[in-house]
Amino acid sequence: MNFFDRLHDRIRTVDSVVSVGLDPDPSRIPDHLQDHDLPRWAFNRRIIDTTHEHAAVYKPNAAFYEDPDGWRALEETIAYAHGKDVPVLLDAKRADIGNTTRQYAEMLETVDAITVNPYMGRDSLQPFLADEKSGVFILCRTSNPGGADIQDLELETGEPVYERVAALADLWNDNDNVGLVVGATKPEELEELREQVPDLPFLVPGVGAQGGDAEAAVEYGLADGVGLVNSSRGIIFAGEDRGEEFAKASGQAAKRLKNRLNQYRA
Ligand SMILES: O=c1ccn([C@@H]2O[C@H](COP(=O)(O)O)[C@@H](O)[C@H]2O)c(=O)[nH]1
């Protein structure tokens with residue numbers, strides 16, 4: 001079964017399009033976990049225990065794991081999430097020349113989907129696109145203010161770069177495994193892009209800590225009911241002031257976001 005069919009089933013099972021971002025900033029991990037062998041893993045395990053019933057996927061961002069202990073923490077986290085039947089989308093934003101990107105694509109042996117950067121063109125993404133079972137989310141219109149610097153530039157045809165990226169992503173979708181990353185902070189672009197590529201599911205980050213538009217994220221992020229709305233800090237650090245009870249607050253935050261997003265689902 002391909003990733004989007006599996007995601008469709010997962011969304012139906014938990015009645016949720018919430019992507020729980022696992023970005024365990026070491027400086028924000030509660031004191032009582034700092035002595036663990038792998039504090040990031042100890043933190044994530046507790047977050048997974050309280051949020052998995054509300055999670056369509058877990059989205060660890062590779063930036064929070066790129067050191068030897070980090071990779072171990074990530075491996076444990078992925079295995080634990082899978083043990084709870086939750087797919088894992090690695091937010092790695094990878095791509096490189098073909099020979100290198102083939103190595104990056106090995107990551108798809110351990111996760112279910114990945115984010116990739118289209119800046120180097122189709123050959124830089126080919127090993128990801130060719131992996132029929134895995135999801136490939138292509139950065140299109142990102143949520144950060146500087147996303148405009150390049151993505152909004154107008155081409156000679158009058159279309160902005162992000163629209164060209166969406167058109168290319170649609171062309172590259174031979175295996176029905178491509179989605180787009182479009183920020184919830186850009187509701188107008190979400191609407192335009194949904195019209196342009198009606199069949200591509202979106203990963204929509206930027207609700208929660210970045211203050212994006214949750215209603216637009218659901219209304220335009222889903223293609224035939226399939227898509228993901230991510231919150232990371234808003235869920236995992238919801239209980240920052242609650243000491244050993246921190247994970248309970250994360251479970252409540254994930255449930256609250258699920259219910260809020262479900263108000264807008266058809
Ligand atoms: O356009 C983008 C692409 C990726 N992200 C990532 O999503 C999460 C958002 O975290 P919050 O704490 O909910 O703000 C994080 O991993 C980003 O690197 C994004 O925000 N925008």
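**Exercise 1. Find which residues of helix α9 are buried in this predicted model.**

*Solution.* Let's start with the names: Ala214, Ala216, Ala217, Val218, Tyr220 and Gly221 of α9 are buried. Next, set them against the whole helix, which spans residues 214–221: 6 of its 8 residues are buried, so α9 is mostly covered. Finally, look for what covers them. The buried residues of α9 pack against α8 (187–196), β7 (202–204), β8 (228–231) and α11.

**Exercise 2. Describe the largest nonpolar core and name the helix that gives the most to it.**

*Solution.* Begin with the size: this core holds 71 residues. Within it, the residues with the most contacts are Val17, Val18, Val136, Ile138, Cys140, Leu180 and Val229. The helix that contributes most is α11 (residues 246–262), with 6 residues. Apart from this core lies another, of 5 residues, including Trp41, Tyr65, Ala73 and Leu74.

Now zoom in on one residue of the largest core. Leaving out residues up to four places away in sequence, Val136 touches Ala113, Ile114, Val116, Phe128, Leu129, Asn177 and Val178. As a general background, nonpolar side chains tend to be buried together in soluble globular proteins.

**Exercise 3. Work out how α2 and α11 are oriented to each other, and which residues make their contact.**

*Solution.* First take the geometry: helix α2 (residues 39–51) packs with α11 at an angle of about 45°, and their axes are 8 Å apart. Angles that are neither under 35 degrees, nor over 145, nor from 65 to 115 count as oblique, and α2 and α11 are therefore oblique to each other. Their crossing is right-handed.

Then list the partners. From α2 come Arg46, Ile47, Asp49, Thr50 and Thr51, and from α11 come Ala247, Lys248, Ser250, Gly251 and Ala254. Sorted by class, this contact of α2 with α11 has 3 nonpolar, 4 polar and 3 charged residues.

**Exercise 4. Do the same for α2 and α3.**

*Solution.* Helix α3 covers residues 68–83, and α2 packs with α3 at an angle of about 20°, with axes 9 Å apart. Since angles under 35 degrees count as roughly parallel, α2 is roughly parallel to α3. The crossing of α2 past α3 is right-handed.

On the α2 side, the contact uses Arg40, Trp41, Asn44, Arg45 and Ile48. On the α3 side, Gly70, Ala73, Glu76, Thr77, Tyr80 and Ala81 take part. By class, the contact of α2 with α3 has 5 nonpolar, 3 polar and 3 charged residues.

Methods
Residues numbered from 1 in each chain as written. Predicted model: local features only at pLDDT ≥ 70, side-chain atom pairs only at ≥ 80, totals over all residues. Core = buried A, V, L, I, M, F, W, Y, C linked by C-beta atoms within 7 Å. Buried ≥ 20, exposed ≤ 12 C-beta atoms within 10 Å, placed from the backbone. Helix = DSSP H or I, 4+ residues; strand = E, 2+ residues; numbered from the N terminus. Contact = placed C-beta atoms within 7 Å. Axes fitted to C-alpha atoms, helices over the stretch in contact; angles between N-to-C directions. Left-handed = near helix turned anticlockwise from the far one by under 90°. Nonpolar A, V, L, I, M, F, W, Y, C, P; charged D, E, K, R; others polar.
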